[in-house]
Amino acid sequence: NAPEGRRGRESGIVMGMLSAGSIAGPAVGGLAAWAGEGVGFGLVAAVSMISVMLAALAPAGRASGVTGRVGESIARAIRQPATRAALALTLVDLLTFGAVDVLVPLRLGATGSSVAAIAVAIGAGAVLGAITGPIGGRLVDRIGPHPVGMTTAACIAVIPLVLAFEP
């Protein structure tokens, strides 16, 4: 429901928050290791409750007419090159950061890093995701989704390559 010219910005904010939230778990784990599991779970519960309340207060979106069956709609969408490109770029993001979120803390732990240091590293990644999402969205509004998506995907794809050859 974002106005024309601000859709990228609004999507970027949502994506930034999703990125930050998806990797905040290890940071909360670091807090729990330091302050206790009750504090960690309490923080997650408080943020979850606030999120539920904010979602309940949000305005309803526009109704969309359903045409045909879901399977037919999905098949029609998959035949579109833009949909296939979006799925491919999404796969780059999910695979890379899914692996990074698991393997980097394991590597840091194996090299003797403390739980607190690992939590700070992962927390920094969450903050970076929260910051870059809205910036990327604004760039989409200004120069378009294709150049922003391709540049971002190319940069993200380098991350596992660098990590694969790290000593």
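## Close-up views of a seven-helix model

**Figure 1. The whole chain is built from 7 helices and 0 strands.** The model shown here is predicted. Read from start to end, the elements run α-α-α-α-α-α-α. The C-alpha trace spans about 55 × 45 × 35 Å along its principal axes. The views that follow cover the largest pocket, then three helix pairs.

**Figure 2. The largest pocket holds about 1600 Å³ of space.** Its lining counts 48 residues, and those closest to the centre are Met 15, Asp 93, Phe 97, Thr 152 and Ile 156. Four elements give two or more residues to this lining: α1 (7-22), α5 (81-110), α6 (115-143) and α7 (145-164). α5 supplies the largest share, 14 residues. Sorted by class, the lining has 28 nonpolar, 18 polar and 2 charged residues.

**Figure 3. α5 packs against α7 at an angle of about 30°.** The two axes lie 10 Å apart. Angles under 35 degrees count as roughly parallel, so α5 is roughly parallel to α7. Their crossing is left-handed. On the α5 side, the contact uses Leu 89, Val 92, Asp 93, Thr 96, Phe 97, Val 100, Val 104 and Arg 107. α7 answers with Gly 149, Met 150, Ala 153, Ile 156, Ala 157, Ile 159, Pro 160 and Leu 163. By class, these contact residues are 12 nonpolar, 2 polar and 2 charged. Asp 93, Phe 97 and Ile 156 take part in this contact. Those three residues are also among the closest to the centre of the largest pocket.

**Figure 4. α5 packs against α6 at an angle of about 155°.** Here the axes are 10 Å apart. Angles over 145 degrees count as roughly antiparallel, and α5 and α6 are therefore roughly antiparallel to each other. α5 passes α6 in a right-handed crossing. Pro 105, Leu 108 and Gly 109 are the α5 residues in the contact. They meet Ile 118, Ala 121 and Ile 122 of α6. The class count for this contact is 5 nonpolar, 1 polar and no charged residues.

**Figure 5. α6 and α7 cross at roughly 140°.** Their axes come within 7 Å. The two helices are therefore oblique to each other. From α6, the contact takes in Gly 136, Leu 139, Val 140 and Ile 143. From α7, it takes in Pro 145, Pro 147 and Val 148. These residues divide into 6 nonpolar, 1 polar and no charged.

**Figure 6. The three helices of Figures 3 to 5 return at the pocket wall.** α5, α6 and α7 each give two or more residues to the lining of the largest pocket, as does α1. α5 packs with α7 at about 30° and with α6 at about 155°. α6 and α7 complete the set of pairs shown, crossing at roughly 140°. Met 15, one of the residues closest to the pocket centre, falls within α1 (7-22). Thr 152, another of the closest, falls within α7 (145-164).

Methods
Residues numbered from 1 in each chain as written. Predicted model: local features only at pLDDT ≥ 70, side-chain atom pairs only at ≥ 80, totals over all residues. Heavy atoms only, no water. 1 Å grid on protein atoms, 1.4 Å probe; cavity = no way out; pocket = protein on both sides within 12 Å on 5 of 7 lines; lining within 4 Å. Points joined across faces, edges and corners; volume = space filled by probe spheres on them. Nonpolar A, V, L, I, M, F, W, Y, C, P; charged D, E, K, R; others polar. Axes fitted to C-alpha atoms, helices over the stretch in contact; angles between N-to-C directions. Parallel < 35°, antiparallel > 145°, perpendicular 65-115°, else oblique. Left-handed = near helix turned anticlockwise from the far one by under 90°. Contact = heavy atoms within 4.5 Å.
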